[in-house]
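Biologist: I am new to this structure and would be grateful for a close look at one part of it. Please describe the spaces enclosed or bordered by the chain, and then set them within the fold.

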Amino acid sequence: MDNQTPTLESPSQPQLKLAYLRPGDMIDVEFASAAKVRTKLQLVGFDTGKYLLLKQPNPRTEGSYSDVLFEGNPVIVRLVLEGETGECIAFKTKIRAVTNFPFRLLYLEYPEQVENRALRAQKRVRTHIPVDVTADNSQASTKKKLASGIIVDISSAGCRIVFKATPNEAGNVTHMNIKVGIGSGAHKEALSLSGQIMNQRKERGMISVGVRFTDDEAHINNVFDHLLIDTEFEC
């Protein structure tokens with residue numbers, strides 16, 4: 001069977017907003033294949049107009065992707081630009097090069113055309129869920145607690161958390177990777193979601209942060225099932 005090239009519906013004129021990306025961001029990549037192959041890869045960086053540089057999937061934990069990691073293979077990239085309104089952008093490109101030494105890296109052609117649409121077709125679900133937020137540093141043996149707060153609205157793409165401002169607050173935490181710990185309730189084990197802080201603002205003695213979830217869809221759906229939240233990925 002021939003490889004199936006991923007398709008996009010009605011691509012718009014170029015609206016390149018990749019300047020919002022930061023090294024370490026997780027982006028959704030779908031490879032052309034006879035079977036749908038879609039995963040999240042970490043952005044290393046990019047050279048505007050030339051290429052995007054990503055980490056390859058780890059074969060020890062994610063299995064082999066050798067059948068789709070080759071020069072010229074078409075891909076679709078999807079990513080969320082989280083803000084007050086939220087946007088999802090997607091674009092078609094192809095693999096420019098694959099390197100395995102000294103690091104396993106993947107070069108993608110810089111896109112010429114980008115699909116851009118509102119992220120949230122529906123309003124986020126308003127909630128009042130108490131959470132503990134900790135810094136998510138995979139290299140650290142302990143997690144530093146940042147604050148306790150309340151999720152005031154949530155969707156499958158992200159949420160907004162509100163904290164009470166304190167004199168010793170950490171300052172600007174935009175683009176920080178975090179873990180959101182949720183009270184377990186009837187669930188035997190505490191629930192948690194991984195994410196990245198995309199924006200923050202302070203007003204009336206409160207700090208509000210917009211968080212983009214970085215967990216896979218299955219894990220987010222599992223947490224939402226326990227919280228009795230019914231929503232779907234919009235991107």
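**The cavity and its setting**

Modeller: To the lining of the largest cavity, β1 and β4 each contribute at least two residues. The model is a predicted one. β4 gives the largest share of this lining, three residues. How many cavities of 30 Å³ or more does the structure hold? There is one cavity of that size, and the volume of the largest cavity is about 40 Å³. Ten residues line the largest cavity, and the closest to its centre are Leu-21, Asp-25, Val-80, Met-198 and Arg-212. By character, the lining of this cavity divides into eight nonpolar residues, two charged residues and no polar ones.

The open space comes next. The largest pocket has a volume of about 1,200 Å³. Its lining consists of 43 residues, of which Met-26, Lys-40, Leu-41, Gln-42 and Thr-214 are the closest to the centre of the pocket. Eight elements are listed as giving two or more residues to this lining: the strands β1 (26–31), β2 (37–47), β4 (74–81), β11 (177–182), β12 (191–203) and β13 (206–213), together with the helices α1 (59–62) and α2 (217–227). The largest share of the pocket lining, six residues, belongs to β2. Sorted by character, the pocket lining has 15 nonpolar, 14 polar and 14 charged residues.

Three of the strands that border the pocket, β11, β12 and β13, also belong to a barrel. Six strands close that barrel in the order β8-β9-β10-β13-β12-β11, with antiparallel pairing. From one strand to the next, the twist averages 45 degrees. In general, the strands of a sheet pair through hydrogen bonds of the backbone, in either a parallel or an antiparallel sense.

The pairs within the barrel can be followed individually. β8 and β9 run antiparallel and are joined by eight bridges; here Val-131 stands opposite Gly-149 in β9. β8 also pairs with β11 in the antiparallel sense, over five bridges, and the partner of Val-131 in β11 is Ile-182. β11 is in turn joined to β12 by six bridges, again antiparallel, and Asn-177 has Gln-196 as its bridge partner in β12. The helix α2 lies across β8 (125–135), β9 (145–154), β11, β12 and β13, at about 85 degrees to β12.

Two loops deserve separate mention. His-175 occupies the loop between β10 (158–164) and β11. Although His-175 is not a glycine, its phi is positive, at about 75 degrees. The relative accessible area of His-175 is 28%, so this residue is partly exposed. In the loop between β5 (87–99) and β6 (105–109) lies Pro-102. A cis peptide bond links Phe-101 to Pro-102, with omega at about 0 degrees.

Finally, the chain may be viewed as a whole. Its secondary structure amounts to two helices and 13 strands. Of its 235 residues, 43% count as buried. Among contacts between residues at least 6 apart in sequence, 61% join residues at least 24 apart.

Key:
Residues are numbered from 1 along each chain as its sequence is written. This is a predicted model: local features need pLDDT of at least 70, side-chain atom pairs count only at pLDDT 80 or more; totals for chains, interfaces and linings use all residues. Side-chain values use heavy atoms; hydrogens and water are left out. On a 1 Å grid over the protein atoms alone, a cavity is a set of points where a 1.4 Å probe fits but cannot get out, and a pocket is an open set with protein on both sides within 12 Å along at least five of seven lines; lining residues have an atom within 4 Å of a point. Grid points are joined across faces, edges and corners, and a volume is the space filled by probe spheres set on the points. Helices (H or I, at least four residues) and strands (E, at least two) are DSSP runs, numbered from the N terminus. Ala, Val, Leu, Ile, Met, Phe, Trp, Tyr, Cys and Pro count as nonpolar, Asp, Glu, Lys and Arg as charged, and the others, Gly among them, as polar. Two strands pair if DSSP finds at least two bridges between them. Axes are lines fitted to C-alpha atoms, for helices over the stretch in contact, and angles run from 0 to 180 degrees between N-to-C directions. Contact means heavy atoms within 4.5 Å. Buried means under 20% relative accessible area, exposed over 50%, partly exposed in between (1.4 Å probe, protein chains only).
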